[in-house]
Amino acid sequence: MSTVHAYGFVSSTSPCRPLEIERRAPGPYDVLFNIAYCGICHSDIHTARSEWGPARYPLVVGHEITGIVREIGSKVTKVKVGDRVGVGCMVDSCGQCDYCRQGMEQFCSKGVWTYGSMGYDGKVTQGGYSQAITVQEHFVFQIPEAISLEDAAPLLCAGITTYSPLKRWVSPGMKVAVVGLGGLGHIGVQIAAAMGAEVSVISHTRSKEADGIAFGAQHYYATTEEGTFSKLAGQFDVILTTVSSTDDYTDYINSLNKTGVIVNVGMPAAPLEIYMRALTPRRTLQGSLIGGAAETQDMLQFCAEHGVRPRIEMISADQITAAYDSVIGSKVRYRYVIDAQTIHDR
Ligand code: NAP
Ligand code: ZN
């Protein structure tokens with residue numbers, strides 16, 4: 001067991017402040033690594049503020065984590081000391097159920113989330129806004145040489161969450177729309193373009209138009225402009241929605257062609273109304289939750305090969321509270337990444 005410095009929350013309304021947490025000594029299959037960077041995902045905010053139900057405090061969030069291996073357990077084969085590694089939203093699972101065996105560990109009923117979840121050691125897990133973390137090797141990924149550790153961090157949640165459904169549905173030449181050009185959306189646009197799709201961004205405003213085109217979109221639409229949805233009716237094969245707030249999904253569904261697929265990954269706290277008749281004639285509405293372990297390693301390789309990189313703003317730990325407001329206000333361009341060197345005693 002070792003004590004490490006971290007930044008976390010003591011209640012749903014507290015600022016993000018210095019805390020100390022315990023990390024277990026690596027068991028036979030565990031990897032202990034020094035954290036270099038951690039991205040700020042909107043899910044961190046939903047959780048820290050108890051928007052999805054009461055969180056367990058004190059709570060350290062963060063599930064876009066990269067760093068360098070410090071110590072490995074006696075049976076670890078996947079990585080060695082000194083390797084560049086990353087961890088996303090999961091740190092453990094049973095390894096035996098049908099979901100685990102099919103590479104969909106994210107649906108394992110005994111799965112352990114990176115933070116706020118009961119670990120197999122009987123302790124509540126604490127996330128990546130910290131100096132080090134101990135993780136079961138199956139959920140530790142090798143970062144390809146071509147990707148820097150700071151760029152790799154957001155890929156471990158935002159990257160896999162968009163890659164998984166796009167890989168499931170997109171073929172070259174398809175018309176694909178990404179709704180919401182935030183942390184997830186700006187990576188989703190790059191991935192869809194790299195898969196050979198004709199990509200459109202559907203944003204609330206025009207303010208990110210030049211960026212959307214730079215990320216690989218051919219078209220850009222702003223929903224606050226009159227007439228946008230009548231122009232989009234029946235257009236798309238696939239729509240990926242990444243919005244963090246409730247929105248009018250019926251308009252998006254009507255933007256699909258007759259057999260199109262809309263995949264939602266956004267997880268707003270409040271319910272929303274959908275007119276089910278928009279799903280007829282034969283449209284599909286699907287959810288998607290991150291991706292499996294093997295798929296996450298594939299995604300990193302895909303991003304390395306196709307030049308998919310997040311656009312990041314590096315911050316220090318004492319800027320996290322202000323950064324949250326900026327994410328909620330849709331002002332971040334496009335992912336905050338915390339420099340873990342700035343997490344230390346005050
Ligand atoms: P983000 O960086 O804040 O991006 C969300 C985007 O939503 C914004 O950039 C904005 O894009 C759009 N938006 C729509 N209505 C908005 C409003 N009223 N206020 C502010 N923005 C609004 O968040 P993120 O990290 O990409 O996460 C997006 C959502 O996905 C969150 O709900 C998060 O919890 C969820 N998530 C799900 C998974 C999963 O596995 N399913 C994984 C990670 C995250 P425009 O300005 O372009 O409209
Ligand atoms: Zn996330």
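**Exercise 1. Find out how ligand 1 is held and where it sits.**

Start with the polar contacts, meaning pairs of N or O atoms within 3.5 Å; within protein, one must be able to donate a hydrogen and the other to accept it, and residues adjacent in sequence count only if both atoms are side-chain atoms.

Step 1. At Met267, a backbone N or O atom is 3.0 Å from an oxygen atom of ligand 1. Next, look at how much of the ligand is covered: on its own it has 920 Å² of accessible area, and the protein covers 90% of that. (Those areas come from the Shrake-Rupley method with a 1.4 Å probe; for residues, only the protein chains shown count as cover.)

Before going on, some ground rules: this is a predicted model, where local features need pLDDT of at least 70 and side-chain atom pairs count only at pLDDT 80 or more, while totals for chains, interfaces and linings use all residues. Residues are numbered from 1 along each chain as its sequence is written, chains are lettered from A and ligands numbered from 1 in the order in which they are written, and side-chain values use heavy atoms, with hydrogens and water left out.

Step 2. Add the side chains. Ser43 has a side-chain N or O atom 2.8 Å from an oxygen atom of ligand 1, and Lys208 places a polar side-chain atom 2.8 Å from an oxygen atom of the ligand.

Step 3. Collect the shell, taking a residue as near if one of its heavy atoms lies within 4 Å. That gives 29 residues around ligand 1, with His42, Leu181, Ser203, His204 and Arg335 the closest. By class there are 12 nonpolar, 15 polar and 2 charged residues. Here Ala, Val, Leu, Ile, Met, Phe, Trp, Tyr, Cys and Pro count as nonpolar, Asp, Glu, Lys and Arg as charged, and the others, Gly among them, as polar.

Step 4. Map the shell onto helices (DSSP runs of H or I, at least four residues) and strands (E, at least two), numbered from the N terminus. Helix 1 (42-48), helix 3 (149-169), helix 4 (183-194) and helix 9 (320-328) each supply at least two shell residues; helix 1 gives the most, with 3.

Step 5. Place the ligand. Domain 1 (2-147 + 311-344) and domain 2 (158-287) both give residues to the shell, so ligand 1 lies between them. The bounds come from an automatic or database domain assignment.

**Exercise 2. Describe the second largest pocket and the largest cavity.**

Step 1. Fix the terms. On a 1 Å grid over the protein atoms alone, a cavity is a set of points where a 1.4 Å probe fits but cannot get out; a pocket is an open set with protein on both sides within 12 Å along at least five of seven lines; lining residues have an atom within 4 Å of a point.

Step 2. Take the pocket. The second largest one has a volume of about 450 Å³. It has 22 lining residues, and Glu22, Asp121, Lys123, Val124 and Thr125 are the closest to its centre. Strand 2 (17-23) gives the most to this lining, with 5 residues. The classes split into 9 nonpolar, 5 polar and 8 charged.

Step 3. Take the cavity. There is 1 cavity of 30 Å³ or more, and the largest cavity holds about 100 Å³ of space. Its 13 lining residues include Cys89, Met90, Phe141, Gly291 and Thr296, which lie nearest its centre.

**Exercise 3. Pick out the unusual backbone spots.**

Step 1. The Tyr57 to Pro58 peptide bond is cis, with omega near -5 degrees.

Step 2. Ser50 isn't a glycine, yet has a positive phi of about 60 degrees.

Methods:
Points joined across faces, edges and corners; volume = space filled by probe spheres on them.
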